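Student: I should like a close look at a single part of this model, namely one hairpin, and then at what surrounds it. Please give a connected account.

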Amino acid sequence: MIKPDRVIALRTDRTIFQYAGRCTKVYLHRDCTQVLREAGNLAAARKAAVRTPQLFEVKRIEGCWALTTEYVRGETLAQRMISREGDRAAVLAAMIKAQLEVQGADASFYRSLKDEFHSRIMRSMLGEDVKVFLMDRLTGLEGGSTLCHMDISPENLILPEGGTQGIVIVDWECSCRGSAEADAAASWLSLDLEYGRETAEEYLQLYCSAGSALRKDIVQWLPLVAAYRLSDSSRRERELLLDVISGTYKYGGSCSI
Ligand SMILES: Nc1ncnc2c1ncn2[C@@H]1O[C@H](COP(=O)(O)OP(=O)(O)OP(=O)(O)O)[C@@H](O)[C@H]1O
Ligand SMILES: [Mg+2]
């Protein structure tokens, strides 16, 4: 039996802990293929020169599949956002810089985001009419071939101790090959859920001015990203995700946000 040095995060279906200089994420119900896929996503990002923790192993711990990586000492951008409230714009700028670097890396290893959206929407508990609406929306959008982390958010970005290296990106579970606009929509949703609409909107403005993306092209993906997130969401998150989906549906396809 492992006695962790520290539990980093405790979720209903997984625990992330620090042990002997390593970080282990133990999934209660995931099968081996899902955990191996996350490990593959992480390894492929590192191979493409994205700063990620080094992968050590995927193994069974007391009957559960677990992913072990190097533990990155440092501060997450989420901790920085809380400890230095005035730094919000700087945190968002650092987040966008890391995101644009990821989006510039080779995505050939990754599964298609459109295929993933398709299967998650079809498997979801959403009503048939909403599913048809979402599938129509998905069909009309460009698939893209960009590396999308799909949860670039302050919690998943670590500033290593010492400050000489750049930001390290963790949590490659949802990463795919797809549209950069969908990746930005995913960040908007994470920020909206965690920090509120004002922060999400500030991010969107900064993201659009840092590159060539347009707000209208990003918000088109919001109901799809919300549907994609539904299966892994908490009760509180589910309410907001359903609001985003039904809000868009209700307004005849143009996003009310
Ligand atoms: N290799 C690592 N080194 C240091 N800290 C890490 C590492 N991996 C993850 N963490 C910390 O643990 C937190 C949870 O890990 P991760 O994001 O992989 O799990 P998760 O289940 O997807 O959690 P969440 O639901 O918060 O996204 C991260 O937000 C990060 O702060
Ligand atoms: Mg995470």
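Tutor: Strands β4 and β5 pair in the antiparallel sense, over six bridges. This is a predicted model, and the account that follows should be read accordingly. Within the pairing, E57 has T68 in β5 as its bridge partner. The two strands form a hairpin with two residues between them.

The turn deserves attention on account of E62, which lies in the loop between β4 and β5. Phi of E62 is near 45°, a positive value in a residue other than glycine. Most residues other than glycine have a negative phi. E62 has 8 C-beta neighbours inside 10 Å and therefore counts as exposed.

The hairpin strands also receive a helix. The buried residues of α1 pack against β3, β4 (55–61) and β5. Those buried residues are V35, E38, A39, N41, L42, A44 and A45; E38 is thus one of the buried residues of the helix. The geometry of α1 (residues 32–47) can be checked by its length: at 1.5 Å a residue, its 16 residues should span 22 Å, and the end C-alpha atoms are 22 Å apart, which agrees. After α1 comes A49, whose phi is positive, near 70°.

Strand β5 leads on to the ligand. The elements that give two or more residues to the shell around ligand 1 are β1 (6–10), β2 (14–19), β3 (22–27) and β5 (64–70). Of the 19 residues around ligand 1, those that come nearest are C23, P53, V72, V170 and D171. By character, the shell around ligand 1 divides into nine nonpolar, three polar and seven charged residues.

The position of ligand 1 relative to the domains follows from this shell. The domain assignment of the protein chain gives domain 1 (6–70) and domain 2 (74–250). The contact between them takes 11 residues from domain 1 and 15 residues from domain 2. On the side of domain 1 that touches domain 2, the residues divide into seven nonpolar, two polar and two charged. The C-alpha centres of the two domains lie 21 Å apart. Both domains give residues to the shell around ligand 1, so ligand 1 lies between them.

One of the nearest residues, D171, invites a comparison with the hairpin turn. D171 is placed in the loop between β9 and β10 (176–178). D171 has a positive phi of about 70° although it is not a glycine. With 20 C-beta neighbours inside 10 Å, D171 counts as buried, whereas E62 in the hairpin turn counts as exposed with 8.

Strand β9, which precedes that loop, belongs to a second arrangement of strands. Three strands form an open sheet in the order β6-β8-β9, with antiparallel pairing. Its edge strands are β6 (74–76) and β9 (168–169), each of which pairs on one side only. β8 (residues 157–160) and β9 pair in the antiparallel sense over two bridges, and I158 has V168 in β9 as its bridge partner.

To return to the opening subject: the hairpin of β4 and β5 has two residues between its strands, the buried residues of α1 pack against both of these strands and against β3, and β5 is among the elements that give two or more residues to the shell around ligand 1.

How values were computed: Residues numbered from 1 in each chain as written. Chains lettered and ligands numbered in written order. Predicted model: local features only at pLDDT ≥ 70, side-chain atom pairs only at ≥ 80, totals over all residues. Near = placed C-beta within 6 Å. Helix = DSSP H or I, 4+ residues; strand = E, 2+ residues; numbered from the N terminus. Nonpolar A, V, L, I, M, F, W, Y, C, P; charged D, E, K, R; others polar. Domains from an automatic or database assignment. Pairing = 2+ DSSP bridges. Expected span 1.5 Å × (residues − 1). Buried ≥ 20, exposed ≤ 12 C-beta atoms within 10 Å, placed from the backbone. Contact = placed C-beta atoms within 7 Å.
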